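Please open the structure in your viewer and keep the selection panel at hand. The tour below proposes one selection at a time and describes what is found there.

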Amino acid sequence: MPKLSDKNLSMGLILVSIGILVYWLLEATRRAYAWFSGLTSPGTGWWPVISNFCLDNVGILIVVYLVICLQVAGFIEFKLKKNFLKAFLWSIAITPPVTLIIWGHRKETE
Amino acid sequence: MRDWIKIILNYPRTIIALWILITLLIGWNIPKLELEADVRAMLPDDFDIVVSMNEMEDIFGGSELMVISISSADIFSEGTLTKIRDMSAEIEKLPYIDKVVSLTNADDIKGNEFGFEVGQLIRDFPTNETERQALKNRLRENDLLYGSIVSKNFKNAAIIAMLKISDESNDDELIFRDLDDLRRKYENPQKIYLAGLPLTRREVAVTMQGDLKTLFPYGIVLMILFLVFSFRSWTGAFLPFIIIILVVANTLGLMALLGMKFTFIGLMVPVMLIAVTSSYSIHIVSHYFSECARCSNVTNKDEVIRSSLELLMTPVFLSGLTTLIGFLSLQSHVLPPARELGILVSFGIIIAFLLSMTFLPAALKILPFPAHLQKTSGTGRFDRILQRWGEFFVRHNIGFLLIVGLLVIGIATGIKSIRVDTNPVYFWDENSEIRQSNHFIDQEFGGSSQLSILSKGDIKSPEFLRKMELLSDYLKTKEPVTQVSSIVDQLKLMNQAFHGDSLKYKAIPESSEEIAQFLLLYSLTGDPEDMDRFVDYDYKQAQLLARVVETGSSTSYDLYLDIRDYIRKTFDRGDFPSVTGMTAFVGVLADMVVRGQIRSLIISIALVCLATALIFRSPLAGILSIIPLSGAILVIFGLMGYLKISLDMATVMLSSIMIGVGIDYTIHFLYRCRLETRSGKTLEEAVPTTIQTAGKGILYNGLSVVIGFSVLLVSGFLPIYFFGFLIVFSIVACLLGALTVMPAILIITKPGFLYRRNGKKNAEVIG
């Protein structure tokens with residue numbers, strides 16, 4: 001019984017949270033678009049602005065990359081039953097999608 | 001407690017969803033957070049010096065000025081003078097500029113058949129050496145211009161631009177861009193330097209933005225790597241990481257809700273949260289994993305989670321409580337940013353504790369067991385090293401304490417050399433452009449900082465003007481003061497010009513009528529607004545402005561006190577009611593830093609001593625626990641003296657934070673040692689066992705805090721960089737104090753509280 005009500009309660013709360021997150025994302029996208037548009041001038045494309053943004057926010061991008069690596073390594077640990085630390089280091093070195101492909105293939109051959 | 005754990009284990013998804021929703025709701029306002037680059041935000045709005053600065057600005061207009069200095073081989077050459085004229089004209093057109101004074105537009109009072117007239121100092125550029133020499137002589141005679149718009153060696157000229165308003169409504173970035181564009185346009189072969197408070201503020205804002213983009217992300221990167229290598233499992237790495245994110249989001253959300261802004265001190269809040277709050281969840285996850293590894297076939301996950309929580313709740317609570325005490329003692333500071341930081345980090349600590357006790361067990365309940373758990377080995381090499389470490393203190397305790405004591409006393413002698421510095425210019429390295437420009441202008445033009453003294457009385461009366469002159473003469477005798485200007489100097493020049501430029505008459509006019517006549521004459525040929533900076537409309541209030549070179553905050557404070565003392569002793573009450581300006585502000589801020597340091601140090605030590613005494617129900621425990629801490633504090637402040645690290649707005653928080661964080665290690669050690677002695681071991685047996693068991697946890701905990709704080713070493717602000725260095729060093733000192741000094745003290749004193757039973761269960765384990 002608690003399990004059922006736990007699922008129902010959490011579902012309700014998660015739906016409210018998703019609503020807030022969707023609003024945030026839309027707002028952030030709108031602001032980001034306005035900001036990027038303000039930075040681009042006629043004749044220059046989006047790429048210089050994006051590359052400047054990336055150079056300016058290297059720290060945040062590293063965090064995002066590491067979190068993705070963490071999730072991929074977690075997936076490999078739980079689903080493929082492989083060593084988490086190795087998977088994490090490999091995904092940093094050869095990028096998460098490549099790690100997933102290689103380790104997934106290795107699991108299949110096993 | 002069992003009921004509460006039962007609820008968590010029965011409703012894990014609801015608990016997690018609830019925390020996510022709470023975080024989103026509190027964090028809703030995070031995008032509205034703003035940066036506060038104004039150094040005035042360091043003191044409360046109702047503080048005397050802030051009130052008087054605002055009052056002066058209301059009466060006489062903004063006291064902020066920009067100094068644009070031009071360095072040239074020949075400052076009176078046609079090329080250089082043309083550049084000065086053109087630059088002055090362009091600066092004058094800028095919308096936020098009130099008035100510009102330079103060589104080419106400065107007024108000069110000259111005698112004529114009607115008395116005197118106000119005209120331009122340079123009507124035509126000098127074309128030969130005789131004209132240049134005449135101009136130099138004319139400048140030397142004018143106290144208001146000599147050393148102010150032209151250096152005393154005539155190699156540099158300055159354009160002084162006064163701003164209309166001086167609060168944050170001035171766009172410092174715009175001011176910088178406009179002036180930097182002008183510099184690029186007119187530089188070469190002349191060298192141009194820019195200085196002034198708006199540029200300093202702009203540099204603070206730029207450095208803050210840079211720090212925001214680096215400190216928190218790099219802190220997170222270091223913590224992820226630390227967690228990954230420590231736990232070698234997704235659960236172990238991800239759960240403490242997500243808790244850190246939730247803590248930071250909730251704290252920054254509260255910051256936005258309370259309308260607080262990011263000051264340069266506030267930048268440290270996210271980093272402190274990473275460093276301080278990660279250990280609670282690490283403790284629980286670590287214990288959960290070791291329980292899972294110990295029982296090879298764990299079938300009842302609920303039971304493992306329950307036992308972990310029951311076992312760790314008290315020590316984690318105590319650890320949080322002592323850290324909370326340290327941060328809350330920052331409330332005794334006068335500086336609002338330090339108080340805000342104390343509130344925010346304390347809130348973060350409470351959130352971290354609640355998350356570790358609710359969110360974390362709920363997540364552990366849902367997630368599967370880690371695939372590869374590290375098996376706990378028997379007695380490894382590290383355990384043996386720790387065991388020997390403990391045995392060393394059993395054998396050599398007195399000798400060790402003597403050596404450490406002498407070392408601490410030796411290093412503590414550096415305390416007398418500690419300097420206090422609150423000047424925003426010292427936020428950057430001495431090779432930075434802003435420091436070099438300020439230094440140049442200090443050397444050549446007597447500084448870009450000012451002291452303003454308010455005078456109240458009949459300004460047109462010669463008696464009152466003589467009082468102002470007396471004060472002005474006194475100010476000139478003070479070493480950091482390079483120039484004093486007021487209506488007195490203007491009137492002296494008028495009197496001299498009126499009497500055929502005779503130096504004999506360079507004095508205050510004899511009668512009120514004469515003064516009124518001169519002021520009328522001046523208003524006919526000169527710009528009446530010239531007087532606005534020195535006197536109010538009714539001639540009831542006047543301002544003495546003293547330019548001061550940067551000599552350090554303590555000297556500024558001494559100067560401020562000296563002038564106030566002189567005024568109190570020499571003049572009637574109410575003649576000169578306030579001494580203010582940026583120099584006074586920096587000095588008062590330095591005094592507040594020292595007072596806040598002493599007050600928060602005493603409060604945090606007393607509270608931590610009390611908390612430890614209550615935890616162990618023994619006053620002796622409280623006293624013993626602060627011995628290693630006091631040693632660490634003496635070492636840190638001694639080092640600050642020897643390494644010439646100033647006590648400033650950031651390092652002033654050091655003692656409270658190191659006491660709050662550092663006491664954890666001592667409490668952990670004492671707790672475990674008490675368990676060992678109560679299990680029947682002698683103290684000589686209990687100490688090595690404690691170092692071997694709890695010592696590992698303490699080292700691990702200390703390492704996570706050190707890693708968290710070490711990211712401050714990449715800050716662009718020197719105070720934050722030094723704070724990062726010192727806090728890392730002090731945490732290591734506290735760690736060593738708990739694991740070396742404390743064991744030696746226990747062996748010597750054999751305190752009774754380690755043996756007495758107080759009816760509590762004996763199953764508490766820490767670390």
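**A strand with two partners**

Begin by selecting Ser71(B) and Asn156(B): Ser71(B) stands opposite Asn156(B), which belongs to strand S5 of chain B. Please note that the model is a predicted one.

Next, extend the selection to residues 65-71 of chain B, which form strand S1, and to residues 156-163 of chain B, which form strand S5. These two strands pair in the antiparallel sense, and 7 bridges connect them.

Now add residues 191-196 of chain B, strand S6. S1(B) and S6(B) also run antiparallel, joined by 6 bridges. To find one of these pairings, select Met66(B), whose bridge partner in S6(B) is Gly196(B).

How many of the 7 residues of S1(B) are buried? The number is 6, so the strand is largely enclosed by the rest of the structure.

**Where the chains touch**

Display both chains together. Here 26 residues of chain B are in contact with 28 residues of chain A. On the chain B side, select helices H2 (12-26), H7 (197-231) and H8 (234-257), each of which supplies at least two of the touching residues. Coloured by character, this side of chain B shows 18 nonpolar, 5 polar and 3 charged residues.

**A helix in chain A**

Finally, select residues 84-94 of chain A, helix H4; its buried residues are Phe84(A), Ala87(A), Phe88(A), Trp90(A) and Ser91(A). These residues lie on the same side of H4(A), because they cover an arc of only 165° around the axis. Then move to Thr95(A), just after H4(A), where phi is positive, at about 75°.

Notes. Residues are numbered from 1 along each chain as its sequence is written. Chains are lettered from A and ligands numbered from 1 in the order in which they are written. This is a predicted model: local features need pLDDT of at least 70, side-chain atom pairs count only at pLDDT 80 or more; totals for chains, interfaces and linings use all residues. Two residues are in contact if their C-beta atoms, placed from the backbone, lie within 7 Å. Helices (H or I, at least four residues) and strands (E, at least two) are DSSP runs, numbered from the N terminus. Ala, Val, Leu, Ile, Met, Phe, Trp, Tyr, Cys and Pro count as nonpolar, Asp, Glu, Lys and Arg as charged, and the others, Gly among them, as polar. A residue is buried if 20 or more other C-beta atoms lie within 10 Å of its own, exposed if 12 or fewer, and partly exposed in between; C-beta atoms are placed from the backbone. Two strands pair if DSSP finds at least two bridges between them. The arc is that of the directions from the helix axis to the C-beta atoms.
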